[in-house]
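Hi,

Here is the structure I said I would pass on. Have a look at it first, and then read my notes underneath.

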Amino acid sequence: MRWQGGRRGGGIEDRRGMGGGAMAGGGIGVMVLAAIGYFVFGIDPSTTTQLASQFGGTGTQEAGRTGTPDDQAGQFVDVIGANINDVWTANLQGYEAPRVVLYEQGTNTGCGFGQAAMGPFYCPSDSTVYLDLGFWRDMETQLGASGADFARAYVIAHEFGHHVQTLTGASQQVQAAQQRATGEAESNRYSVALELQADCYAGVWAANAAAVSNGAVALESGDLEEGMKTANAIGDDTLQQRGGGRVSPEGFTHGTSAQRVDWLRRGYQSGDPAVCDTFSGV
């Protein structure tokens, strides 16, 4: 994937090295956090808040340094984030960019205390994408995901997709529908639709990345396949099988491997956000 010549946004808040704190709690608390971490992208804000109340509190977080990070991983996030913002500015009227925070281990957020075990997540309360970049390594070594640049960019673009859903009102509509749901299985179907739409939005970004950057940020041969490898690795059914349990569709919250691959591909092939209607079958 080409990216190093892309525009830098310069708005990354870097809290790495600030000692955000080791994982709070112990025993079953740590196990719960780790289990939720497996369901990586798009942690439900209500889940984040629940965890905050149980394990971490919501104290004041010292602000990190804002700008373009000095290291290559941080620069990658800055360039990809800026490019995603450029794509959505061109495709969504009134688009406003989210904040992006890099952290290690844990950090306070508008949704409570965020921990690395949760995986990357978006908090609508402060319109911020939170990334512990060590998750990329864990995703590759523990879940069998790809280590390619586009596979990592897909993680970022998915979280920006949740920001788009907040701007369009889709997230709020899902929360209202979940409150009316008659049971967990019905509520989870709305969660799956929301996550699959964010996957589709990641594909939409990838399809438009080169056009908004004059080719400076662009997929190359084989990149889409690497992204789909990651999407396949983090489907609910695959993760349940990896965990040694039976596959329980009523417990799915993010979609099967096949669904995640399919919606990422659909977004990429169309390049049109209107294609990403994952709610029609709910």
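**The E6–E7 hairpin and its surroundings**

Let me start with a turn: the hairpin of E6 and E7 has four residues between its strands, and in it serine 127 takes a positive phi near 50 degrees. Do keep in mind that this is a predicted model.

The two arms of that hairpin, strand E6 (residues 121-123) and E7, run antiparallel and are joined by three bridges. If you want a spot to look at there, phenylalanine 121 stands opposite tyrosine 130 in E7.

E7 has another partner as well. Strand E3 (residues 99-102) pairs with E7 in the parallel sense, this time over four bridges. Here leucine 102 is the residue opposite leucine 131 in E7.

So which residues of E7 are buried on each side? Thr128 and Tyr130 are buried on one side of the strand (residues 128-131), and Val129 and Leu131 are buried on the other, leaving both faces covered. Tyr130 and Leu131 are thus the ones to click on for both cover and pairing: they are buried, with Tyr130 facing phenylalanine 121 and Leu131 facing leucine 102.

Now the whole chain. The protein chain has ten helices and seven strands, and 54% of its 282 residues are buried. Of the contacts with a separation of 6 or more, 78% are between residues 24 or more positions apart. The accessible surface comes to about 11,800 Å², with 46% of that belonging to carbon and sulfur atoms.

Cheers

Key:
Residues are numbered from 1 along each chain as its sequence is written. This is a predicted model: local features need pLDDT of at least 70, side-chain atom pairs count only at pLDDT 80 or more; totals for chains, interfaces and linings use all residues. Side-chain values use heavy atoms; hydrogens and water are left out. Buried means under 20% relative accessible area, exposed over 50%, partly exposed in between (1.4 Å probe, protein chains only). Contact means heavy atoms within 4.5 Å. Accessible areas come from the Shrake-Rupley method with a 1.4 Å probe; for residues, only the protein chains shown count as cover. Two strands pair if DSSP finds at least two bridges between them.
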